[in-house]
Amino acid sequence: MATVDVRSPDVVIRGRKVVGGVTEGEALVTREAISGWGGVNALKGEIIETHHELRGQSFAGKILVFPGAKGSSGWSVAFHTSRLAGKAPIGLLFNVMTTKAALGAVVLRVPSMTDFDTDPLEAIETGDWVRIDADSESVFVWKGGRP
Amino acid sequence: MTMRLTDEEKAMRDGAQGAAVAKAMDLLIRYGEALGAEDFVYTDNIAGVPGSSPKWIKDYYAEDGGDYRAVFSRFDLDSDEAVDVPRISGFACHLQGGMDPELWRDQGMSEEAFANFQADEREVAGHGIQVLKTCTPYLAGNMPVMGEHCAWMESSAVVLCNSVVGGRTNCEGRESTSSAMLAKRVPNWGFHRDEFRKGQHLIDVEVPVDSIFEWGLLGYFTGGAVEDAIPVLDGAIADPALIKHKHFGAAAASSGGVEMYHMAGITPEAPSVEAAFGGAARGERFTYGPKERQATYERLNSIGESRDVDYVMLGCPHYSADQLAEAARLLEGRTVHENSNLWIFTSRAVKATAEASGSADIIRKAGAKLMTDTCSAISQAVPPGTRVAAFDSAKQTHYLPAIMGIEGWFGTTQECIDAACTGRWNGRLN
């Protein structure tokens, strides 16, 4: 993470570490819970669920900001497979802790957080630049893209 | 948060029971800490999909040998190195798999894929894991009891275990179940704990819900309403049966993320609405009336346009012996239309019962195929050229059209079998 910040973040959110580490990138935000198996195409890193607002969009290389996980117990396998395919998200921020989301984050091995003091779904929009410092349990947000 | 480990668990983590158990503990500790769990519970009832994988996953781990051992280590245990996996000593079961062990050609599987399937199954059996090959372990030899700590995958089985039986399991994943088979531990979080099992939202059921079709519709509505919370259903729910709970739970788990529900006076931890909530009703209050029932039906049927049905799929979750008998009754003396196909899925154990009882024969004589181990969604296998499918399962209607890019209809078992025999969808909400 050699990025030199040209300006300080617009928003700082505190939360709890799910998986440690530091990452930064573009946010992909949804207000709808995400299904893993059957809801994503792991090999393409793409949401495929019929009624989902992100249907057809790719989370590969993005910081995925979502309320929580739903659906099949194959959630972790779907995201684990996306890691093998090189199509995984690079960080996860989610509000509702479930076994699906926790295990998925663990096997994705990407910095992940939950239990926030500010709702990331309110503070972060798709396209915002986000840095997750899970080790210090902080999320930094630059509105509108890379600073 | 650092988990509190017993001396035995520390020793397991540090390798006292071998490298595989140490890797399993490492994964389970990372997982427990992610959840925020304080400690582990002991479990000796574990259902997952240990080590089974398509060929390309094995090839991905070619440097580690590209075999079952490599996949179990690297993928299932999420280990950075391959280790020897010992024989499992506890009660571990393999859930659904990728193809039918006999009709795999009909499912479009290659010789190579079948050989891979057979090799995996030999490994599973050789590791002391019970080959149930079903999403309904409770119909095939693994019915938990009240209060039993389990580590199960398969959302439809998880919700049944918690809600109908009073067993205790979270919706585990492949990596946590495979690890738990070695370590006999899962994080003491969620449904293992009393306080987590109380109702969160109330659903007033105002239309009569009695048939399996109506239970399935209500389930799909429930998941959409409460998402991943625990609903308490009260009102006009009648004629409970295992297969109705099976369809209700599968639907609620796919439209939302329901892992436990209470039905007042019906499920074991809900002798009353108050008991289900652990006090006064709280959370949101939803009504399931004629309007909601209609809307749920229309939502499930929003992905069908053509009424020429190529494919009817029954057996999601896997059919029970009584459902196979019902399908046989509806099929007897009829034949599947030349433009359509009927595949019915069940477990090997239940198929054996259906063979003995004659329903398997009637199903086959009608031109339908009775398949085990898998389903169209899991195996991504449908008859060649399928464009329009029909289902009696809200869960399969939710998943298969999205996965396969086809149209789908949802209706009663009778409507589905009529569609298979006429090639036309004539379902309607009465």
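**Exercise 1. Find what share of chain A counts as buried, and decide how compact the chain is.**

*Solution.* Start with burial: in this predicted model, 53% of the 147 residues of chain A count as buried. Next, look at the make-up of the chain, which has three helices and twelve strands. Now compare sizes: the radius of gyration of chain A is 14 Å, close to the 15 Å from the globule rule for 147 residues, so chain A is as compact as a globular protein of that length. The C-alpha trace spans about 40 × 25 × 25 Å along its principal axes. Finally, turn to the contacts in chain A with a separation of 6 or more: 73% of them join residues 24 or more positions apart.

**Exercise 2. Work out the strand order of the open sheet in chain B and place helix H8(B) on it.**

*Solution.* Let's go strand by strand. The order is S9-S8-S7-S10, with parallel pairing. Strands S9 (262–263) and S10 (285–288) of chain B are the edges, each pairing on one side only. Within the sheet, S7(B) (residues 201–209) and S8(B) (residues 231–237) share six bridges, and Val205(B) stands opposite Gly235(B). H8(B) packs on this sheet and touches S7, S8 and S10 of chain B, its direction making about 155 degrees with that of S7(B).

**Exercise 3. Classify the packing of H8(B) against H11(B).**

*Solution.* First take the geometry: H8(B) (residues 212–226) and H11(B) (residues 290–300) pack at about 90 degrees, with axes 9 Å apart. An angle of 65 to 115 degrees counts as roughly perpendicular, so H8(B) is roughly perpendicular to H11(B). Then list the contact residues: H8(B) supplies Leu217(B), Tyr220(B) and Phe221(B), while H11(B) supplies Glu292(B), Arg293(B), Thr296(B), Tyr297(B) and Leu300(B). Sorted by class, they give five nonpolar, one polar and two charged residues.

Key
Residues are numbered from 1 along each chain as its sequence is written. Chains are lettered from A and ligands numbered from 1 in the order in which they are written. This is a predicted model: local features need pLDDT of at least 70, side-chain atom pairs count only at pLDDT 80 or more; totals for chains, interfaces and linings use all residues. Helices (H or I, at least four residues) and strands (E, at least two) are DSSP runs, numbered from the N terminus. The radius of gyration is taken over C-alpha atoms; the globule rule is 2.2 Å times the number of residues to the power 0.38. A residue is buried if 20 or more other C-beta atoms lie within 10 Å of its own, exposed if 12 or fewer, and partly exposed in between; C-beta atoms are placed from the backbone. Two residues are in contact if their C-beta atoms, placed from the backbone, lie within 7 Å. Axes are lines fitted to C-alpha atoms, for helices over the stretch in contact, and angles run from 0 to 180 degrees between N-to-C directions. Angles under 35 degrees count as roughly parallel, over 145 as roughly antiparallel, 65 to 115 as roughly perpendicular and the rest as oblique. Ala, Val, Leu, Ile, Met, Phe, Trp, Tyr, Cys and Pro count as nonpolar, Asp, Glu, Lys and Arg as charged, and the others, Gly among them, as polar. Two strands pair if DSSP finds at least two bridges between them.
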